[in-house]
Amino acid sequence: MATNGDFSFANGAPKSPLKKIQTQKRENGICHDDSAPPVKAKTLDELHSLQKKRSAPTTPVKGDNGAIFAQLSEEERQKLQLQSISASLASLVRETGPKVVKGDPAQKTEGAKTVSHHDHHHHIVAPTISVSDSALKFTHVLYNLSPAELYEQAIKYEKGSFITSSGALATLSGAKTGRAPRDKRVVKDETTEDELWWGKGSPNIEMDEHTFLVNRERAVDYLNSLDKVFVNDQFLNWDPEHRIKVRIVSARAYHSLFMHNMCIRPTPEELENFGTPDFTIYNAGQFPCNRFTHYMTSSTSVDLNLKRREMVILGTQYAGEMKKGLFSVMHYLMPKRQILSLHSGCNVGKDGDVALFFGLSGTGKTTLSTDHNRYLIGDDEHCWSENGVSNIEGGCYAKCIDLSREKEPDIWNAIKFGTVLENVVFDEHTREVDYTDKSVTENTRASYPIEYIPNAKIPCVGPQPKNVILLACDAFGVLPPVSKLNLAQTMYHFISGYTALVAGTEEGIKEPQATFSACFGAAFIMMHPTKYAAMLAEKMQKHGATGWLVNTGWSGGRYGSGNRIKLVYTRRIIDAIHSGSLLNANYTTTEVFGLQIPTELEGVPSEILDPVNTWADKKAYKDTLLKLAGLFRKNFEVFANYKIGRDGKLTEEILAAGPKL
């Protein structure tokens, strides 16, 4: 009987036609010898300790020579680091911080026990003014953990943390899914009283030093009561000459990973020599403030003390409070060094021509500053100094609502391992995110390091800007697609910070809603808007930059009757600004706003360049134009009485650059 023609069986015994395999003999008589000397570990703990080697998180620095740097002994360096962190967590009343040790309390080592014994003994010898239990306990510090370590912490200890199908960490920010500007307070003291912008239109709501210290004590006590806290030591501003050292103390792995992405990550060498931070955040967001404390209006309080260089967060776990709180700090510290802080996107061409993009939400700032033919310096926060332009941050914080691979490929591809996804909804089984789902909030966000964007320029610095582009989405349909601005007009429109929201879904609202935000970021500026505008004009004049107003909104009628200007036309306009060809166009001046508009531009229909041509009803156009001009003037009233310089001439110049009714 034969089976498959391969083997035949005679007398029930198998007989194979295949040759016997000869194994190759080696000198030692063993073939494929995979054996190796046994590991030196004597216990499982020792074996596990061999699995990991030491390193520190870094932001990539192109051109780094990777030189080996001189080191203190590991023990000495750690001691100094822990002393510095303990000092940060010191209570004002008790004059001492908790004893801090490195590492997760869930993985207590023999070493920690030894330190613990020694430090307890030391504590009894050195008396303090007043001793509490927190001075006797150990706080475990998880210091500058890597994304992988923070993932482990979040998934193990924080409910609502999941790994999505793309590798990003999905997390929840609790009840607050956006910033709480009404709960943000700034300490008004003898210095800030004169320096900051207070009163009508200002984002700065005052509090006194005593109330700040009450809240600080509450936050520090909460953090000290925990078994472990996360500490990030990082930088702001890519310009090494004007870099700020920040320390963030937080209770959540999510907050630590968020700031790891958003601030600049130190190299191991920079971390060794970090020293004392210039600014410290105490994020006790899970714990509410006491609503009976003076100045408090809810259980949320975000407090800035510029003299102490500290920020306290209570009652909100929304991570954006830390990012924007530090931006406010930069808006205070940088102008004092004659450096202009800007809420803008920024990119640079292959020939080194830098463009700044200003614009409120929905104006196309992210879309237009992300350009495959140019390098991205940053998407949101910048400094303009004598050295040129530099990104303040080490990452991007992108909106995710309705995100798609087709519309925003760079953002889509950046959502991978290491990225934090806030408040998104995903499939329970596949973990695929549904970016259209607004179940938790419309303000879904992704935070990722800037090097996740393929054409990011590392380090994130560039030469002096050549073009300053102000974006407005004009839903009234009366602003030209592009206008060239003189210096006074640039200041006027920069201070105005205009865009229009399309008519809402609410009953009865059929009109577009005009929105004004001074310096295109009123919520974060600290000084009077005219201070930033004057610095902008001075830098533009000195470095020969041109101002442009670009309307990405409607043409041929307002929202509902006209059409949105095609993105392809706006891109042509931006390209012509970058190349310099638009400077050589022929210009004509519009009525009311007095804007200089080109008569023709390659790739853009000439008739849309002057809005009056696109409206069938010329009277309706004139009425709408006058209405918008009136809204501009009404908004500007709050700035009109502010004198720049001794004679106030600059104020008059800016006012004269506005619309004429």
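Which residue forms a salt bridge with Lys 323, and how far apart are the closest N and O atoms? The partner is Glu 381, and the closest N and O atoms are 3.2 Å apart. Lys 323 sits in helix α10 (residues 320-333) and Glu 381 in strand β19, so the pair ties together parts that are 58 residues apart in sequence. This is a predicted model, and every value here is computed from it.

## Salt bridges

The structure holds 24 salt bridges. Lys 323 is buried, with a relative accessible area of 5%. Glu 381 is buried as well, with a relative accessible area of 2%. Both residues belong to a network of salt bridges that links Lys 323, Lys 324, Lys 365, Asp 380, Glu 381 and Glu 393.

Asp 353 and Arg 374 form another salt bridge, with 2.9 Å between the closest N and O atoms. Asp 353 lies in the loop between β16 (345-348) and β17 (354-358), while Arg 374 lies in the loop between α11 and β18 (375-378), so this pair ties together parts that are 21 residues apart in sequence. Asp 353 counts as buried at 12% relative accessibility. Arg 374 is buried too, with a relative accessible area of 6%.

Lys 619 and Asp 623 meet in a salt bridge within one helix, α17 (residues 618-640). Being four residues apart there, the two are separated by about one helical turn. Lys 619 counts as exposed, at 59% relative accessibility. Asp 623 is partly exposed, with a relative accessible area of 40%.

The N to O distances of these pairs are set out below.

| Salt bridge | N to O distance |
|---|---|
| Lys 323 – Glu 381 | 3.2 Å |
| Asp 353 – Arg 374 | 2.9 Å |
| Lys 619 – Asp 623 | 2.8 Å |

## Strand β19 and its partners

Glu 381 leads into strand β19 (residues 381-385), which is mostly covered: five of its five residues are buried. Glu 381, Cys 383 and Ser 385 point one way from β19. His 382 and Trp 384 point the other way.

β19 pairs with strand β15 (residues 340-343). Four bridges join the two, and they run antiparallel. In this pairing, Leu 340 has Trp 384 as its bridge partner in β19.

β19 also pairs with strand β20 (residues 388-391), again antiparallel and over four bridges. Here the bridge partner of His 382 is Asn 391. A hairpin of two residues joins β19 to β20.

## An open sheet

Five strands form an open sheet of mixed pairing, in the order β6-β7-β22-β25-β21. β6 (162-163) and β21 stand at the edges, each with a single partner strand, so one side of each is left without a neighbour in the sheet. Inside the order, strand β7 (residues 169-171) and strand β22 (residues 420-422) pair in the parallel sense over three bridges. Ala 170 has Leu 421 of β22 as its bridge partner.

## A buried helix

How many residues of helix α8 (residues 253-262) are buried? Ten of its ten residues are, so the helix is largely enclosed by the rest of the structure. Among them are the aromatic-named positions Tyr 254 and Phe 258, along with His 255, His 260, Met 259 and Met 262.

## Cavities

Empty space is left where a probe the size of a water molecule, rolled over the atoms, reveals it. The count comes to eight cavities of 30 Å³ or more. The largest has a volume of about 90 Å³.

Three elements, α11 (365-369), β21 (395-399) and α12 (409-414), each supply at least two residues of the lining of the largest cavity. The lining divides into six nonpolar, three polar and three charged residues. Among the lining residues are Thr 366, Asp 379, Cys 396, Glu 408, Asp 410 and Tyr 448.

## Cysteines

Cys 396, one of those lining residues, counts as buried at 2% relative accessibility. Its sulfur is 8.3 Å from the closest cysteine sulfur, in Cys 460, too far for a bond. Cys 473 is also buried, with a relative accessible area of 7%. The structure's disulfide count comes to zero.

Note on methods: Residues are numbered from 1 along each chain as its sequence is written. This is a predicted model: local features need pLDDT of at least 70, side-chain atom pairs count only at pLDDT 80 or more; totals for chains, interfaces and linings use all residues. Side-chain values use heavy atoms; hydrogens and water are left out. On a 1 Å grid over the protein atoms alone, a cavity is a set of points where a 1.4 Å probe fits but cannot get out, and a pocket is an open set with protein on both sides within 12 Å along at least five of seven lines; lining residues have an atom within 4 Å of a point. Grid points are joined across faces, edges and corners, and a volume is the space filled by probe spheres set on the points. Ala, Val, Leu, Ile, Met, Phe, Trp, Tyr, Cys and Pro count as nonpolar, Asp, Glu, Lys and Arg as charged, and the others, Gly among them, as polar. Buried means under 20% relative accessible area, exposed over 50%, partly exposed in between (1.4 Å probe, protein chains only). A disulfide is a pair of cysteine sulfur atoms within 2.5 Å. Two strands pair if DSSP finds at least two bridges between them. A salt bridge is a side-chain nitrogen of Lys or Arg within 4 Å of a carboxyl oxygen of Asp or Glu.
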